[in-house]
Structure formats: structure tokens, C-alpha cells
Amino acid sequence: MNFAPAPVRGGYRAGGARGSILPMRTNAYLLIAAMVTAGCGGPSPKAALDAARSAFNPPPPPPDTVPEMLDYAADLQVNVSEMAKRPEGILWEDILTGTGKEAAEGDSLELAWYGWLPNGLLVDSGVATFR
């Protein structure tokens, strides 16, 4: 598998609350916090609300941390458009698929992995056996 840095900040993380009731509740709590802060001689309600929102909604990650926007060493033979992507943003692909029978419950499984930086530097590898 080829690994690339995965976006994990802000709106790039899977399982976000967009479209659910949580953002409305969060905004209501932020509004209440802003009103309380303003009533205590703090910053204006709008400034307090903006500060609270920025804490919950960080800016998107810089382009050099988004796998689809990186340039990869030619010898890695990375084609991002052909890779699978996990909800967490991790890109992966099988570079060698076994030819034996399909694993069934109770079988052992051996998994080998390799992780490279976009510049071609091998930074992780291992073998694990699962029983």
C-alpha cells in the first residue's frame, strides 16, 4: 500500500455533523456563550461568537498536506485517481494481491505494508499476522 499524508483537520475528517442537529445545537451554545461573555464586559457578542466558531471550525489544511494536491516521486508510481480512500482521508492501493484461496473465519492472515513520503522516502513497513 502507498500511504500519503492524510487530511485530518477541519471539514476533511469523516463523520462530521453536517446535516444533523448538532451544528444547530452547537451554534445555540455558542450564541449563549457570546451573550454571557458580552454581559460580563467582554468582547462584543459578534466578536465572541466569531472567536468561538473559529475554535470549532478550524481552517482547511494547507495544500501541501492534502494527498490529492501533492507531487509524488516518479518511482512510487502513484496515481491518486486510481487509489481507494478511507473516510479518514487515507489513500491506499493493493500493490500485490495474493493468489491463494479466499480467507474464511478462523483462518490466519498475513499483512505486509509499506509507507512512503511523497518524495519517495520509505518511512514505515511491517508484517502482521492475524489469527
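Visitor: What share of the chain's contacts with a separation of 6 or more comes from residues 24 or more positions apart?
Guide: Bear in mind that this is a predicted model: local features need pLDDT of at least 70, side-chain atom pairs count only at pLDDT 80 or more, and totals for chains, interfaces and linings use all residues. Numbering starts from 1 along each chain as its sequence is written, and side-chain values use heavy atoms, leaving out hydrogens and water. A contact means heavy atoms within 4.5 Å. Take the contacts with a separation of 6 or more, and the part from residues 24 or more positions apart is 48%.

Visitor: In what order do the helices and strands run?
Guide: Both are DSSP runs, numbered from the N terminus: helices are H or I with at least four residues, strands are E with at least two. The chain has two helices and four strands. Reading from the N terminus, the order is α-α-β-β-β-β.

Visitor: How much of the chain counts as buried?
Guide: Buried means under 20% relative accessible area, exposed means over 50%, and partly exposed sits in between (1.4 Å probe, protein chains only). Apply that to the 131 residues of the chain, and the buried portion is 19%.

Visitor: Why do the buried residues of α2 line one face of the helix?
Guide: Those residues are Ala48, Leu49 and Ala52. The arc is taken from the directions from the helix axis to the C-beta atoms. Looking down the axis of α2, its buried residues line one face because they fall within an arc of 95°.

Visitor: How far apart are the end C-alpha atoms of α2?
Guide: The expected span of a helix is 1.5 Å times one less than its number of residues. For the 12 residues of α2 that gives 16 Å, and this agrees with the end C-alpha atoms, which are apart by 17 Å.

Visitor: Which residue forms a salt bridge with Glu68?
Guide: A salt bridge needs a side-chain nitrogen of Lys or Arg within 4 Å of a carboxyl oxygen of Asp or Glu. Glu68 is in the loop between α2 (45-56) and β1 (84-85), and its partner is 17 residues away in strand β1. Glu68 is partly exposed at 39% relative accessibility, and the partner is partly exposed at 46%. The closest N and O atoms are 2.7 Å apart, and the partner is Lys85.

Visitor: What is the N to O distance between Arg86 and Glu88?
Guide: The structure holds two salt bridges. Arg86 is partly exposed at 43%, and Glu88 is too, at 36%. Their side chains meet in a salt bridge with an N to O distance of 3.1 Å.

Visitor: Which residue other than glycine has a phi near 55°?
Guide: Most residues other than glycine have a negative phi. This one lies in the loop between α2 and β1 and is exposed, with a relative accessible area of 67%. The residue with the positive phi is Gln77.
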